[in-house]
Amino acid sequence: MSHEARLAELGIALPPVAAPAFDYVPAVVHGGLVWISGQLPRAADGSLPHLGRLGDGVDVETARKAAELCALQALAVLRAAAGTLDHVARAIKVTGFVASAPGFVEQPKVIDAASNLLGRVFGEAGRHARSAVGVAMLPRGVPVEIEFVFALKDS
């Protein structure tokens, strides 16, 4: 089954690609790889429904929902950069940043939500290397920001 067909089968509609607020591009395609800039957890309307830090007002389940929104944004950027998700060979790397209060240590559980989504869409090709890093704060006060690297199929 194609990646696009799998996305449709899962009932997943990708959001519009958010325009960069600063001087960068959403994705760079180079050497058969797509490097996707850090994605914030935007709802389909562009709002940021989840704000705050883990261990200081934001629970793990809320942050997991935010991580899924980051992954959906990334898939929208990936589709725009590649033309179609069917050109994707596999996920390579996911780097997740979790705004964490002192003592919070569940960053991998949060970023797992994005990893799980990639697995549902791409199957075995969605498995990837990953880092889950706790940070003091993230842009705009979001609890999660995630960047991605994907490999494209040879044309």
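Me: Helices here are DSSP runs of H or I with at least four residues, and they are numbered from the N terminus. Which residue follows H2, and what is its phi near?
Reply: The model is a predicted one, and in it helix H2 covers residues 60-82. H2 is followed by Gly 83, and the phi of Gly 83 is positive, near 95°.

Me: What span is expected for H2 at 1.5 Å a residue?
Reply: H2 has 23 residues, and the expected span is 1.5 Å times one less than the number of residues in the helix. From its first C-alpha to its last, H2 reaches 32 Å, which is close to the expected 33 Å.

Me: At the start of H2, which residue has a backbone nitrogen that a side-chain oxygen of Asp 59 reaches?
Reply: A polar contact is a pair of N or O atoms within 3.5 Å. At the start of H2, the side-chain oxygen of Asp 59 comes to within 3.3 Å of its partner, the backbone nitrogen of Glu 61.

Me: Which element gives the most residues to the lining of the largest pocket?
Reply: The largest pocket holds about 290 Å³ of space, and of the 18 residues that line it, those closest to its centre are Tyr 24, Gly 38, Gln 39, Leu 40 and Arg 42. Two elements, helix H2 (60-82) and strand S2 (33-39), give two or more residues to this lining. The most, three residues, come from S2.

Me: By class, how many residues in the lining of the largest pocket are charged?
Reply: The lining of the largest pocket includes 11 nonpolar residues and four polar ones. The remaining class in this lining, the charged residues, numbers three.

Me: Is the pair formed by the rings of Phe 122 and Phe 150 stacked or tilted?
Reply: This pair links distant parts of the chain, with Phe 122 in helix H3 (residues 107-122) and Phe 150 in strand S7 (residues 144-152), 28 residues apart. Planes under 30 degrees apart count as stacked and those over 60 as edge-to-face. The ring centres of Phe 122 and Phe 150 lie 5.9 Å apart with their planes at 50°, so the pair is tilted.

Me: Which residues form one aromatic cluster?
Reply: The structure holds two aromatic pairs, and besides the tilted pair of Phe 122 and Phe 150, the rings of Phe 148 and Phe 150 have centres 6.2 Å apart and planes at 10°, so that pair is stacked. Relative accessible area is 6% for Phe 122, which is buried, while Phe 148 is buried at 1% and Phe 150 is buried at 0%. One aromatic cluster is formed by Phe 122, Phe 148 and Phe 150.

Methods
Residues numbered from 1 in each chain as written. Predicted model: local features only at pLDDT ≥ 70, side-chain atom pairs only at ≥ 80, totals over all residues. Heavy atoms only, no water. 1 Å grid on protein atoms, 1.4 Å probe; cavity = no way out; pocket = protein on both sides within 12 Å on 5 of 7 lines; lining within 4 Å. Points joined across faces, edges and corners; volume = space filled by probe spheres on them. Nonpolar A, V, L, I, M, F, W, Y, C, P; charged D, E, K, R; others polar. Phe/Tyr/Trp six-rings, centres within 6.5 Å; stacked < 30°, edge-to-face > 60°. Buried < 20%, exposed > 50% of the residue type's maximum accessible area, 1.4 Å probe, protein only. Polar contact = N/O pair within 3.5 Å; in protein donor to acceptor, adjacent residues only side chain to side chain.
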